[in-house]
Amino acid sequence: PPASQNNEQGSTLRDLLTTTAGKLRLGSTDAGIAFAPVYSTGAASGKSGRTMPNILDDIIASVVENKIPPNRAPKINVKSEIKDEPKDDKKCIQDDCSKRYSDIQYSWICDKHVLWLRDHKNSNNWKLFKECWKQGRPVLVSGMHKKMNFSLWKAESISLDFGNQQADILNCKDSIISNTNVKEFWDGFEDVSKRQKIKNGETALLKLKDWPSGEDFKAMMPARYEDLLKSLPLPEYCSPEGKLNLASHLPGFFVRPDLGPRLCSAYGVAATKDHDIGTTNLHIEVSDVVNILVYVGIAKGNGVLSKSGVLKKLEEEDLDDLLRKRLKDSSELPGALWHIYAGKDADKIREFLQKIAKEQGLEVLPEHDPIRDQSWYVNKKLRQRLFEEYGVKTCTVIQFLGDAIILPAGALHQV
């Protein structure tokens, strides 16, 4: 601030800009403001010729709803606000929810780390979601497929409409990417005999990599785009027009993450000999993510596990009792296995994977980041070692048809 302004106001501005945790209550409003300024220096000093003070003014104007006269700028006491919060938010949420949210159908899974909202139609879901989201914990919402036009998402429907398109297809076994006709991928989606073979005659585990994505999705698949948008869980947060979807309302000078949507399609691991690989390796997204399982194909052909065989494989995982119960429900169709880790464990996991790489005789370069590079699928044996040697526990979630998994930015996950 200019020298003419007093020190107290300068301190207030500094507090506002540097505080990203805790709730800031300004004036009479009771709203908690999550604030994390991210901007492009190129945009700040490029064509527009805007200077840093202008940008700071814009940032403040965009997040502070109550305009405070310069001569009455309050001293923000972050500590006093934080100490009023419950000491154990996790315990507070779980003990208090049954009374405060008796009208919402929900359960806690994964050792009470993940909130499961069981009725996607309940318009009050966002209230409980907000309490959980403040803790940076994943949320699962089931039944989303009941709101969707299921025929649009069938494998044969997508193949029929877009089979002549070219796209990048990833071989998950050896990470080789090839540009090929989309029809080849979809022909083998549920018929193993039509899938590509790799050197030893083994069936390839293929993934259609983020096709289509973003604006291409909307332009190429307008009907599916509209079907997806009207079916999003917790629209207050997840819809592009949602009032609580901060990313959609960021001012133009912010660097916006790619908010999608994108279609992720992959063959099932059940049709391969090696069940220690995944279709999505361990990684971190830079923005919050909602992932809806819109279709589950049942593969047919030689060597494919039967449905009972797939269920048996899943039961060998370290599963929550409620997830085991869902597996036995014949009306539920499991399609994806997720392993999720809290963002706070990223450094421990990174150190662990570098240690394993050295044990396996792999070269570990200083600039190599196993999480950023998405070079690892942490199999069951490694997950056990990670827990025993570093105290990092895996949160295992089975995603059934119609399940939406909502992850906070920074959460590590593999599928």
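A contact here means heavy atoms within 4.5 Å. By that yardstick, among contacts between residues at least 6 apart in sequence, 71% join residues at least 24 apart. The model is a predicted one, with local features needing pLDDT of at least 70 and side-chain atom pairs counting only at pLDDT 80 or more, while totals for chains, interfaces and linings use all residues. Residues are numbered from 1 along each chain as its sequence is written, and side-chain values use heavy atoms, with hydrogens and water left out.

On the secondary-structure side, the protein comes to 15 helices and 13 strands (DSSP runs numbered from the N terminus: H or I of at least four residues for helices, E of at least two for strands). Of its 415 residues, 43% count as buried, that is, under 20% relative accessible area with a 1.4 Å probe, protein chains only. About 22,900 Å² is exposed, and carbon and sulfur atoms supply 50% of that (Shrake-Rupley areas, 1.4 Å probe).

Now for helix H10, residues 222–230: Arg224, Tyr225, Asp227 and Leu228 are buried there. Down the axis of H10, the buried residues fall within an arc of 165°, so they line one face of the helix; the arc is taken over directions from the helix axis to the C-beta atoms. Their cover includes helix H7 (155–162), helix H9 (215–220) and strand E9 (289–292).

Thr203 sits in a loop, the one between helix H8 (182–187) and strand E6 (206–208). Thr203 counts as buried because its relative accessibility is 12%. Leaving aside residues up to four places away in sequence, Thr203 touches Val192, Arg195, Gln196, Lys197, Ala271 and Thr272.

Definitions and conventions. Buried < 20%, exposed > 50% of the residue type's maximum accessible area, 1.4 Å probe, protein only.
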